[in-house]
Each structure stands twice: as structure tokens, then as C-alpha cells.
Amino acid sequence: MNGGSVGSSGERKAAIIHEASPLGDVRALSLMLLRLGTRWFALNVHAIVEVALKGAVTRVPTAPSHILGITCLGGRLVTVVSLEQMTGGAGLLSSENTATLPRLVVVRHGEYEMALVAEGIHGFTEHVTGLDTVGPPLPEFVREEFVWQDNRVALLDVPRLIATAVSLSGIDSPADTVEA
Amino acid sequence: MRTFGLRTKLVVTYTGLFLAFTLAFAWYLIYRQGSIASQALETRALGISGILAKLIAPAVDLDLDKSQAENSLAAIKEHKDLLYVVVLKPDGSVYLRHAESRMPAGAELLETTTVTRVEQRGELLHVFEPMRWNGKDIGTLAAGFSRQSITQEIQTSTRTALVVSGFILLIGFLAAWVVSGTIARPMLELATRLTQLSQDLAGLARSQETASTQQVGAIDETRGTMEVMLASAQQIAESSSAVLGNAERTVNGNREVAHRIKELNNHAERVAEILAVIMQVADRTDLLALNAALEGTKAGEAGRGFTLVAAEMRRLAESVMESVAGIRRLMNDMRSASQSAVQAGHEGIALSEETSRSARDIALVTQQQRKATEQVGRSMDDMAATVTDAIASTRQTAATAQDLVHAALRLDRMVGTSGSRDRLRDASPEQNHATAENSPSRPQSE
């Protein structure tokens, strides 16, 4: 997660959330659908930088469990985050059911950038947010859930996801560490 | 027709011989006694006549009184055989006449003679004794003697001879009975034994001939079986040779199949590598199309066409990947199948090699079996020849035994009694034929 000159992790989270779109807005979004095991997630295409192959991921000592490590994409180091750890769905990954290799979906909010591991990318869809929130209470980085082709899809709020990941890590971003 | 046994014959023969001997003995004895008695009577008659002639001669010459002559005659006229005395003169006239009352009438025979002579007529012996005195013939003394003493002597001799002959005949009969029994009994037993033995021998020969004939049949059947076995062994050898060739060809074919499958595996590996490359390219293509679609989507309405093209490219890439995945599954199936085929080929090679070894063993065993069968066939031929010779010998033995039976029966007829013949008739060869055939073993009596 690349960040700017922000102080503690709490402050950085607040700043990231402040920059995020407020909840409760009703608007049409272009979403990219990705699958992780049996779970479906959706990301705003504007928050996605690129989709890359999941190459070698270097684990970081003392990193929390949802941080898988770092990888090199286009010459820059990107933190690889495990959605399954963050959503509490351990063991979601199952490469047997997918034809493609695992993907890394690189998302950015402001200066913060991280990569999410996805088993499959299932294209794009248009979705009007703020209308059909269903299900039990959701994590704060899940904006809402909706049904797509009989699959329950969790719409991830990228700023909050990044903020949560930073908050859970309790460490400065690698960029901050490098700058320091 | 009733015939008599050897003992009877011997008894009859010996008895006949003894009877003939005793008859001859009796005849000889009677004849001899008669002859001796006649000769004695004649001697006595001649003596008496001579004495009388000499006693009476002086009286006749001197023509004396007859009383002197009768005195001379009285001394001997009491002789029991003397029946009459007549003294004739040379002219034939009777000088003296003396006759016993017991003399038959007309029995006198009065003849003159110059030499002493004796004449027998009837029961009388007539003696004519010339009478000489001082060198001249003075007459003839005719005397008649009774032959009754001779008859009595002959009768006595006859009785003696008959008694002696009867005794000798009895002794001879007993001796013949004993001797014939001594001779006939062993011969009869021997003949009976010989008959039974010959019958047993004939029966045994017939049984042996039957058994040999059956043995020849069995040998022929065995020889036929051996020929069938030989043909079967030949056929098995040919079949095993064909099996061996097929097994060797199968081994080579399996090795060729294994080689081909190995090559196929190599090709499959190459295909897998190519598929991996295709998969990688398709995955990269999918990724590029995804990013392109992402950018098109970000561009909004302006990038919609770009998004559509990118989506289509993604679908193509995903289709390629799915196809590659299907090909991979097929390749895995092919790999498994080829591995199974290789395994089956190896097993087939092992089985074919085992089949080859078995076929070689079968060929070897069949060859040995064929040689053994040929050897058995030759042995059967030798055995058949031997049995045939044995049958001929047995038939000859049977014929000889039959001749022996007939000879024994003839001997038995010759020496046997009716009782023994009845016993032997019960054990005749014709009656014993079936018994001998039914019981080939030697009888218990042997």
C-alpha cells in the first residue's frame, strides 16, 4: 500500500475513508466481478489499476495473516492482500475449479495501492448501488451485497478496504518505510 | 456193447491159460496113466501068456490029459484080468479052453500064430503066444485079458487129474485175480489220473487260447489307441509349433506396440508442452483482454466498443483455455490409457514369453511322448507276435492234450471197469469243455 506523508495508521485510515465516497449514494457503477472460491466480489472499475498474473509473492516477516506479501508488478512493489483472511472465509481458494491462473487485481485509492488475489475474473457488469442491500450486517469495507446470476456478490468499497487492511496491519506502508 | 476190464481180461486169460494147462495136464495124465496101464496090462498079459504057454506046452506036446494043463492053468486063472485062455493046436483045434463067467459072449478071438502078438479089440486085450516045445510049434495059446483095470485106472487118474486140475485152476484163478489186481489197479488209477490230467491240460490250453485271443484283441486295441495317440501327438506338436510361432510373433508385436506407445507418450509430452504454451498464451491473452476491457469500461461510453472487442477476445481466450483444459484431460486419459496399454503390453509380453516356454515344453514333451508312443507301438507289435506264437503253441498244446485225452480214454477203456468208465464218462472232454472254459485255473485235484 503506497501512501503519502500521513502519520499513524489510525490517522491514515481516517484520511482514506474521508476521501472515499460516502455510503448511501445511489448511482450506477461499472463493476468487475471476481470469484474467490465460492465467494463473489465486485470492485468499481475506476478503483482498479490493472489485472495481472499472480507471480511470485514474497512473504514479509511479522506481517499479519491477511498480508500475503509483496510482489513486483511493472517495476513497483505492491502489497498482496488476502481477501479471504479479511472476510473471514479461510480456505476459499480452490484452483481446481478455474481454467485460468490466479489473478492479482491491483486497486488504488489515491496514493494507496494494493493487490487482491482472485481465482477468476468474470467480466464486468453495471450495478446501481444503494438500492438492494441484502443479508446480515456486513464488514465495513463491503459496501453492499447484491445478487448477480444467482450468486451473492459483495461490493467492496476500495477506500475502506485499503483502510481496513492498513488498520489491520498496524504498520506503516512499505512506501512510508522506504521514504522514512 | 459191454466190455470187460483189464482185470477181468487178465483173470479170464490167466484162468483160461491155467484151464488149458490143467486140461492138458489132465489129458496127459489120463493118457499117460492109460498108456502105462495098457502097457503094464500088455506086459502082464504077455508074461502070463508066456508062462502059461511054457507050462502047458509039455502037456500039449505029449497030448496028455488036459487035467495037468488045467492044473497048470489053475495057478493063474484067478488073475483078475484074465478072462479066457484057449490053447489051439497047430491045426486050429482047441486043446484047452478056460473062460470066466464074466467074459462077454463071443468075445473070444481064436487064431493061430507063429509069433507072439497082441491085439486089442473092444474091452479085451487078446494075446497070441505060439507054443514051442523041443523046437517045434505045438500050438498057440490065445488069452484074453480084460481092460477094465485100465478103465478103472483111467477113471482114477481122471479123478486125480480133475482134482489136481481143479486145485491148480483154483490156485491159478486166485493168482490171476491177485496179479491182475496188482497190475490193473495202478494202471487204472494211472489211466484215470492221465485222463483227468489230459482233460485239465486241454481245458487249460483252451482257456489259455481264449485268454491269448483276448490279449491279441486288447493288443490290437491298444495299438490302435497308440496310433491315435501318435497322430494326436503329431497334431499337438504341429499345433504347439504354430502356437510357439504365434507367441513369438505376439512377443514381437507387443514389443512393437510398447515401443509405439512409448513414442506416443513422447509425442503426448510434446503436445502437453505445446498445450502449456498455448495455455500460457491464452491466459496472457485473457489477461490482456481483461485489462483492455477494464480500460474500455473505465473510458465509459467511448470505450464500449473497445470493451466489447476485449470481452470477445477474453471469451476466445477462455474458450481456448477450456479447450486446452479439455485436451489436457484427454491427454491425461490418453496417458493413463497408454500406461495401461504399456502395462498390458508388458504383461502380454510376459504371457507370450510364458506361452513360448510352455509351447516349447509342450513340443518337447510331445516329442518325447511320440517317441514313447512309437516305442510302445513297437512293443505292442512284438507282444502281438509273441502272443500269436503263444496262441499257435497253445493250440498245438490243446491238440496234443486232446490226443492225450483220447489216448487216455482208450487206455481207460482198455484197463477200466464199467464203474470207472462211468466215472470217466462223467469227466469226458466234451462235458469238461464248458467247465474248462469257465474255470481256466487248474482244478483242485491237480
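Which residue in strand 5 of chain A does Gly69(A) stand opposite? The partner of Gly69(A) is Val80(A). The model described here is predicted.

## The sheet of chain A

Chain A holds an open sheet of five strands, and their order across the sheet is 3-6-7-5-4. The pairing is mixed. In general, strands of a sheet pair through backbone hydrogen bonds, either parallel or antiparallel. The edges of the sheet in chain A are strand 3 (48-53) and strand 4 (67-73), each of which pairs on one side only. From one strand to the next, the twist averages 30°.

Strand 4 of chain A is joined to strand 5 (residues 76-81) of chain A by six bridges. These two strands run antiparallel, and the pair formed by Gly69(A) and Val80(A) belongs here, with Val80(A) lying in strand 5. Helix 3 (residues 158-169) of chain A packs on the sheet. This helix touches strand 4, strand 5, strand 6 (103-109) and strand 7 (112-118) of chain A. The direction of helix 3 of chain A makes about 95° with that of strand 6 of chain A.

## The sheet of chain B

What is the order of the strands in the open sheet of chain B? The five strands are arranged as 2-1-5-4-3, and the pairing is antiparallel. Strand 2 (94-99) and strand 3 (117-121) of chain B are the edge strands, each pairing on one side only. With direction ignored, neighbouring strands of this sheet are turned by 15° against each other on average.

Ten bridges connect strand 4 (residues 124-133) of chain B with strand 5 (residues 136-146) of chain B, and the two run antiparallel. Across this pairing, Arg132(B) stands opposite Asp137(B) of strand 5. Helix 1 (residues 6-61) of chain B packs on the sheet and touches strand 1 (82-88), strand 2, strand 3, strand 4 and strand 5 of chain B. Its direction makes about 35° with that of strand 4 of chain B.

## Chain B as a whole

Chain B has six helices and five strands. Read from the N terminus on, its elements follow the pattern α-α-β-β-β-β-β-α-α-α-α. Chain B has 446 residues, of which 25% count as buried. Among contacts in chain B between residues at least 6 apart in sequence, 78% join residues at least 24 apart.

## Where the chains touch

How many residues does each chain bring to the contact? Chain A gives 14 residues and chain B gives 14 residues. On the side of chain A that touches chain B, strand 1 (28-36), strand 3 and strand 8 (120-128) of chain A each supply at least two residues. Strand 3 of chain A gives the most, with four residues. By class, this side of chain A has nine nonpolar, four polar and one charged residues.

## The nonpolar cores

The largest nonpolar core has 57 residues. Those with the most contacts inside it include Met32(A), Phe41(A), Val81(A), Val105(A) and Leu156(A). Helix 3 (residues 148-298) of chain B provides the largest share of this core, seven residues.

Leaving out residues up to four places away in sequence, Val105(A) touches Leu34(A), Leu43(A), Ile48(A), Val51(A), Ala115(A), Leu116(A) and Ala118(A). Apart from the largest core lies another, of 32 residues. Among its members are Ala59(B), Tyr84(B), Val87(B) and Phe145(B).

Technical notes
Residues are numbered from 1 along each chain as its sequence is written. Chains are lettered from A and ligands numbered from 1 in the order in which they are written. This is a predicted model: local features need pLDDT of at least 70, side-chain atom pairs count only at pLDDT 80 or more; totals for chains, interfaces and linings use all residues. Two strands pair if DSSP finds at least two bridges between them. Axes are lines fitted to C-alpha atoms, for helices over the stretch in contact, and angles run from 0 to 180 degrees between N-to-C directions. Two residues are in contact if their C-beta atoms, placed from the backbone, lie within 7 Å. Ala, Val, Leu, Ile, Met, Phe, Trp, Tyr, Cys and Pro count as nonpolar, Asp, Glu, Lys and Arg as charged, and the others, Gly among them, as polar. A nonpolar core is a set of buried Ala, Val, Leu, Ile, Met, Phe, Trp, Tyr and Cys residues joined through C-beta atoms within 7 Å. A residue is buried if 20 or more other C-beta atoms lie within 10 Å of its own, exposed if 12 or fewer, and partly exposed in between; C-beta atoms are placed from the backbone.
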